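Trainee: Got a minute to go through this model with me? I'd like to begin with the strands and work outwards.
Mentor: Happy to, let's put it on screen.

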Amino acid sequence: MKRSYLLIFLILVISIIFIGRLFQLQIINGSNYNPTKNSAVKIVYDYPERGHVFDRNGKLIVANQLSYDVMVTPKDVEPLDTLEFCSFLKIDKEDFKKRFAKAEKYARWLPSVFLKQLSKEDFAFLQEKLHKYKGFYIQKRIIRNYPEKSAANVVGYISEVNEYTARNSDDYEQGELIGSWGVEKQYEKILRGIKGKKHLKRNNLNKIIGSFKNGLYDTTALAGKDLTLTIDSDLQKYGELLMTGKRGGIVAIEPSSGEILALITAPSYDPNLMVGRKRKKQSSILFNDSINNPMIDRGLQASYAPGSPFKMINGLIGLQENVVDENFSVYCHHGYRYGRRKNAFMGCHCGITGRPIKLKTAIAKSCNTYFATTYRKIIDKYETSSKGMDAWANHAKSFGLGDFLGYDLPSGQKGRIPDGKYYSDNYDFRWGATTTISNAIGQGEVETTPIQLANVTAAIANRGYFYTPHIVKKIDGQNIDNTNYTIPKKTTIDSQHFTPVVEAMYEVFKTGTGKYSQVKGIEICGKTGTVENFIRVEGKKNQLDDHSIFMAFAPRENPQIALAIFVENGGYGSTIAAPITSLMIEKYLNGEISNATKHRESKMINTSLQKIYNKQIQKPDSLASGTK
Amino acid sequence: MRQERNNIFLGIDWILVALYATLVIFGWMNIYAASTTPENNDFLDFSTKYGKQLIFIILSIPLIILILFLNSKFYERFSSVLYIFSLVLLAGLFLFGKNINGATSWYNFGNIGLQPSEFAKAFTALAVAKLLSDRNYNLKLIKNQIKAFIVIFIPAFLIALQPDMGSVLIYLAFFFVFNREGLTLNYIIFGAITVLLFLLTIYFGAFWVLIISFLLITCYTIYAIYRNKRFLRFNWPKIVGLYTAVGLFIIAFGFIFNNVFKQHHRDRFDVLLGKKVDIKRIGYNSHQAELTISSGGFLGKGYLQGDRTQGNFVPEQHTDYIFSTVGEEWGFLGSSLVIILFVVLLYRVIYLSETTTNKFGRIYGYGVASIIFFHLLVNVGMVIGLFPTVGIPLPFFSYGGSSLWGFTVLLFIFIRLDAHKKYDW
């Protein structure tokens, strides 16, 4: 009996080892087993239709269109009449071989795209013929379509989801589409809807052998919701037309709601280029164009010094801080001397000498001396320059400057409003109002984006408050209820202080820098700006042609449109920016351009700054000799 | 004799019969799960695997009746004839056999294939029992040992020529029988150490195993000298022999593994030992089997609910890998139960063997237990990833007529012999 113990013992040991191993496999490893993430389960998605996008007047600006791809599963293909087949597809035999080899290389047993995007006629024809060819079939896809061919920067585009997102998000799989820019990105969740999931059982050869657990885990697709934008498509297109041959941005806002009426960047592109067969080639051209940068939204992302329009903010702060009043006046002698050194002098082009200049005149004639004086008074009102700077910055920031505005588009810039801390951190010497005097006229450290300036205009038009600009008006037919966009934000300036400023802006169009851009019957209030800009090439500072800036709203009472325009290297504000602004206003308020201003329109469309832009990409020495 | 024949059913060990029936029926249920498709699930469809297996099971009933009705003395008396008959069948394969998957293991009669190696096990067990049960037979004698080895070597050799290395491996099980009947344990220890050294050599390389083995032997020698200063005086040939043997073995293993083994053999070892991670090709079977078993969890997915089984992810899942289906659909509970059922069966066979007064019956029973145990060890060990891939069936469970009948013959001859013991005096 004793000799039988060996086998008995071994049986016992082995069975314990086996059960232990089963425990390890089934209880320990098996606990993190997910029934739907299993190679025996294939998940098939049912993609819902992406939501449409309309403009404020109900015009369809982003649509879907059906596209038909010829697919092939190489394994299933039987010998075929290649010549006939090629004639159906309108390709030659070489092309056929190449495409087929590519599909075979990808995977013999999986379908891959053989020919992309058939025309509708070809589809109708092929649909009847294709069943003869085993292994080939037609796959219907939905792709984006932009009937208005404009507002590329607003609507954005969709693209294949990147690997990182595909791996880390439950919502996306490799190869699926995701909104990558503009409204498509910002409202991705609303537009895309919810894809349906079907769990199917498959075998080791990837063949479907039935539904998994009778559809226990399956979900149905939910179509994407439609969006209505605040954009006026006609105005948008008109602005894009006017910006032909120029670089810059126009932002138009409805002051009474904060709705963005137009958001124009130039140069831009036809959004249809980012769709379909030629997308790959086109998009790399667009993205790699580092000279024109068509993929940058200059209305949102370009941060420039605002120039003269910023003087109005200084005037308003002066009034609010009670360091000046409407009747305060200065004398201007071609500029303002703020120190003893020879170059401590700020020139002025207002051209009024020997007469006292009050606020209204100062704004209308853009007098540097007046605002330098005011700015100094504001800063010096407080015991330290730092505190004065902080108070000043607080007022400026209440206009939505110096930080992201909070609009519903994915790109943007903060701009900059310097405060006391900013200078204390950057200057290791004692600084005061005169050190930062450039801020008085919107140069120096102040930087704003066109949409921020447009918002300032809206705040002035509203006499003291603004709604955060936004691009979406309705989601699925319902007005948006985001309180960030429906509750007005008050500036720190009391509303009575706006009256002289608005008067002065009206004066600009009546007698000032905007007088050649008047529109009959519309009381436009505006302010030109011209901003010096420099480029640093190999350590040498070169001055380039001035940027042209304009901000305006109309009509004077009960304003309906407020806008800011920025034209890079556009020279004086009155030559390009002001006329474009007036045309935009006329177009929006009257719906058409009157004969009286037609010549202005054609002149603006035909004005091209390409020569000036070309100068910038020339070699540094020729650039230096090209400027004064 | 007349009386015995009439009362044969009284002596039958019904526990073994019940275990047999349970395993066969449960096995069939799993074969059904593994080979059914939604379009094709009529279990009387005899073109399918489960349909055929059903026929095999039904046909095993007359076979059982025949075995039980034959006189128990018949098996003892005709063991040599049956043994030689099986050898002839094995040898005949080289003339009439059919080559399937590179091995000539099958006779083909129309649609039906017959695998003589499945029956040879039972008949070899009879021959071994016959040889060892001789009253004058003493396994301590080298001469007798060689006789015994020859009895198992001939069928093993013929099967090795097919080649069917999995089935050859099973003949090692007879060493447990020999050991039980007086063969020194040294053979098994020697075998175990050889296997261990072999695996270590593959895993760590000949060089390191050599150094460590020599170190261990040296340590042992020093320890022995420490205990008995004159140790070396009498034992130096042993120590020198040990060094030489171990050294030669290890070097030989390295040589055999690299030069004699075929690449697919090497791959199987490498994958098992974790030296190669390849879940696509060489390790595909094992990997898929492990995944399938793991996915069963504690309670399993339920009968006929195994999505991985239905997806045919595990190759040969109705034959050698049937245990993976058990693991997926019946979970930890079901698969442990199957192992426990086997253990109970084995203990029952050993218990009955040990309690019989008939030496022939005891040795045969021990052979039965050893063979079934080896099958269980190699098959389940392979499916759950503890053994290299060796294709042998799981007794009573796996699909296949020869395999089922082979084990039926093996077990029921024992049941018949056991039933006889009650009338042996």
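Trainee: Which residue is the bridge partner of A:R202 in β9(A)?
Mentor: That's A:I208. Keep in mind as we go that this is a predicted model.

Trainee: And over how many bridges do β8 and β9 of chain A pair?
Mentor: Three bridges, in the antiparallel sense, with β8(A) covering residues 196-202.

Trainee: What's the order of the strands in that sheet?
Mentor: It's an open sheet of three strands in chain A, running β1-β8-β9 with antiparallel pairing. β1 (41-46) and β9 (208-211) of chain A each have a single partner strand, so each has one side without a neighbour in the sheet. From one strand to the next, the twist averages 40 degrees.

Trainee: Switching to helices: is α9 of chain A mostly enclosed or open?
Mentor: Largely enclosed by the rest of the structure, because eight of its ten residues (the helix spans 233-242) are buried. The buried ones are A:S233, A:L235, A:Q236, A:K237, A:Y238, A:G239, A:E240 and A:L242.

Trainee: What covers them?
Mentor: The cover includes three strands of chain A, β3 (60-72), β11 (248-254) and β12 (259-266), along with helices α20 (577-590) and α21 (595-606) of chain A.

Trainee: OK, cores next. How many residues are in the largest nonpolar core?
Mentor: It has 121 residues, and those with the most contacts inside it are A:V251, A:A252, A:A454, A:L563 and A:M584.

Trainee: Why does it lie between domain 1 and domain 3 of chain A?
Mentor: Because both domains give residues to it: domain 1 is 44-59 + 148-229, and domain 3 is 233-626.

Trainee: Let's zoom in on A:A252. What is it in contact with, leaving aside neighbours within four places in sequence?
Mentor: A:L235, A:L261, A:A262, A:A454, A:I561, A:L563 and A:M584. A:L235 is one of the buried residues of α9(A) we just listed. Apart from this core lies another, of 103 residues, among them B:L93, B:Y171, B:F360 and B:I415.

Trainee: Since chain B has come up, how many residues does each chain give to the contact?
Mentor: Chain B gives 34 and chain A gives 31. On the chain B side, the elements giving two or more residues are α10 (174-180), α15 (284-294), α16 (307-310), α17 (322-355) and α18 (359-383).

Trainee: Which of those gives the most?
Mentor: α17(B), with ten residues. By type, the chain B side divides into 16 nonpolar, 13 polar and five charged residues.

Conventions: Residues numbered from 1 in each chain as written. Chains lettered and ligands numbered in written order. Predicted model: local features only at pLDDT ≥ 70, side-chain atom pairs only at ≥ 80, totals over all residues. Core = buried A, V, L, I, M, F, W, Y, C linked by C-beta atoms within 7 Å. Buried ≥ 20, exposed ≤ 12 C-beta atoms within 10 Å, placed from the backbone. Domains from an automatic or database assignment. Contact = placed C-beta atoms within 7 Å. Helix = DSSP H or I, 4+ residues; strand = E, 2+ residues; numbered from the N terminus. Nonpolar A, V, L, I, M, F, W, Y, C, P; charged D, E, K, R; others polar. Pairing = 2+ DSSP bridges. Axes fitted to C-alpha atoms, helices over the stretch in contact; angles between N-to-C directions.
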